Amino acid sequence: MMNLKDILKELTEADSMGGLFGALEVAEKYLREFSKVERYNGSLIATLGGGEKTVLLDAHIDEIGMFVTSIKDGFISVAAAGGIDARMLPAMRVKIHGKKTVLGIFQSVPPHLSKGSDEVTPLENLYIDTGLGADAEDIISIGDRVTFDSSFIELNKGVVSAKALDNRASVAALIKVAEILKSRPLNVKVAILLSDKEEIGSDGAKTAAFYINPDEAIVVDVSFGNALGVVEEKSGVLGKGGMLGISPVLSREVTEELKRLAKEKNIPLQFEVMGSKTSTNADVVAVNREGVKCGLVSIPLRNMHTPSEIVDISDIEAVAELLAEYIISR
């Protein structure tokens, strides 16, 4: 029986964005135990089972990050790859993936020298201090990748924090699904897709779903977790299970079946109602080829798009159990 906390630690402390595939290699190591695995255009596809019908389970594995745009006297500027919140960056530690990986820190103007303005400095006006001085250009080049430097920690009783839990929490859930299904007879072919490039427009899921050509699909992602100051109606409670998406983009048939199974199997489940698109890979998977019946289940997460995201491992386990039951029922 796999330990989800250990898997999450490995997944989040690796880097996967813009041509870095560390987390993909971690996931591949685990999935090879339960399924046939292939790489596809920066994504990973694991297949198991058989049958005429194919059910796709998707979770994006990429994370937000940055690219080096200039280097001067050991200070570098960067451009965002994904949704970077500039409010959190001053004094933040990062890793620069050059000829070797080096550490850097976003510079921060001391309060003694600031003008007292509440305005947020945009990313393009912030600089990362490498401490290397003129030697920086021997190691770092324009276009090198930059990721956050963050350690995995357990806050309390299965509540954990790390970078890239968006969406490695869902990746861990799908690895768990593969473990559960390995010993069960299946009537369908299952394609587990760990897709690249979601943070810059869902390109990985768009191309891989076309390649897989599924009959049904369920996308797994994270959504807003409850916290002080977060609107209750737009968040899920940590420790109360996954969040079932309800949207015009999604299949009512798939959604109702997930809801029924959760009730029948006593699996905790919450609901997330969206009046428009979901802002997840479901938006592109649902319109793949002639159209795919697609559902969405999300894991509640606090501090989204920061190096200190927070999830409850029990929610990951609940999502994995629900998805496995769905596959077994097909």
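Along strand β7, which side chains point to one face and are buried, and which point to the other and are not? I shall begin with that question. Please keep in mind throughout that the model is predicted.

Strand β7 covers residues 101–106, and its side chains alternate. Val102, Gly104 and Phe106 point to one face and are buried. Thr101, Leu103 and Ile105 point to the other face and are not buried. On the pairing of this strand, β6, residues 93–97, runs antiparallel to β7 and is joined to it by five bridges. Within that pairing, Ile96 has Val102 as its bridge partner. The connection from β6 to β7 is a hairpin through three residues. Strand β8, residues 128–129, also pairs with β7 in the antiparallel sense, over two bridges, and there Phe106 stands opposite Ile128.

I turn next to the eight-stranded sheet. This sheet is open, its pairing is mixed, and its strand order is β1-β2-β12-β3-β13-β16-β14-β15. The edges are β1, residues 36–40, and β15, residues 269–273; each has a single partner strand, so one side of each is left without a neighbour in the sheet. On average, neighbouring strands here are turned by 25° against each other, direction ignored. As one example of the pairing, β2 (43–49) and β12 (189–195) run antiparallel and are joined by six bridges, with Leu48 opposite Val190.

Two helices pack on this sheet. Helix α4, residues 165–182, touches β2, β3, β12, β13 and β16, and its direction makes about 140° with that of β13. Helix α5, residues 203–212, touches β1, β2, β3 and β12, and its direction makes about 160° with that of β12.

Another open sheet has three strands, in the order β10-β11-β17, with antiparallel pairing. Its edge strands are β10 (153–156) and β17 (309–312); because each has a single partner strand, one side of each is left without a neighbour in the sheet. The average turn between neighbouring strands of this sheet is 30°, direction ignored. Strands β10 and β11 are paired over three bridges, and Glu154 has Val160 in β11 as its bridge partner. Helix α8, residues 313–329, lies across β11 and β17 and runs at about 60° to β17.

Let me now consider the nonpolar cores. In soluble globular proteins, nonpolar side chains tend to be buried together. The largest nonpolar core in this model has 63 residues, and those touching the most other members are Leu174, Ile175, Val190, Ile192, Leu194, Ile316 and Ile327. Val190 has already appeared, as the residue opposite Leu48. Beyond its neighbours within four places in sequence, Ile175 is in contact with Met2, Ile7, Leu11, Ala27, Tyr30, Leu31 and Phe34. Another core, of 23 residues, lies apart from the largest one and includes Ile71, Ile76, Val94 and Leu126.

Finally, the aromatic residues. The count comes to one aromatic pair. The ring centres of Tyr40 and Tyr211 are 4.4 Å apart and the planes are at 10°, so the pair is stacked. Tyr40 belongs to strand β1 and Tyr211 to helix α5, so the pair ties together parts that are 171 residues apart in sequence. Tyr40 is partly exposed, with a relative accessible area of 24%; Tyr211 is also partly exposed, at 41%. One further ring deserves mention: Arg289 lies over the face of Phe210, at 3.9 Å from the ring centre.

How values were computed. Residues numbered from 1 in each chain as written. Predicted model: local features only at pLDDT ≥ 70, side-chain atom pairs only at ≥ 80, totals over all residues. Heavy atoms only, no water. Pairing = 2+ DSSP bridges. Helix = DSSP H or I, 4+ residues; strand = E, 2+ residues; numbered from the N terminus. Axes fitted to C-alpha atoms, helices over the stretch in contact; angles between N-to-C directions. Contact = heavy atoms within 4.5 Å. Buried < 20%, exposed > 50% of the residue type's maximum accessible area, 1.4 Å probe, protein only. Core = buried A, V, L, I, M, F, W, Y, C linked by side-chain atoms within 4.5 Å. Phe/Tyr/Trp six-rings, centres within 6.5 Å; stacked < 30°, edge-to-face > 60°. Lys NZ or Arg CZ within 6 Å of the ring centre and 35° of its normal.
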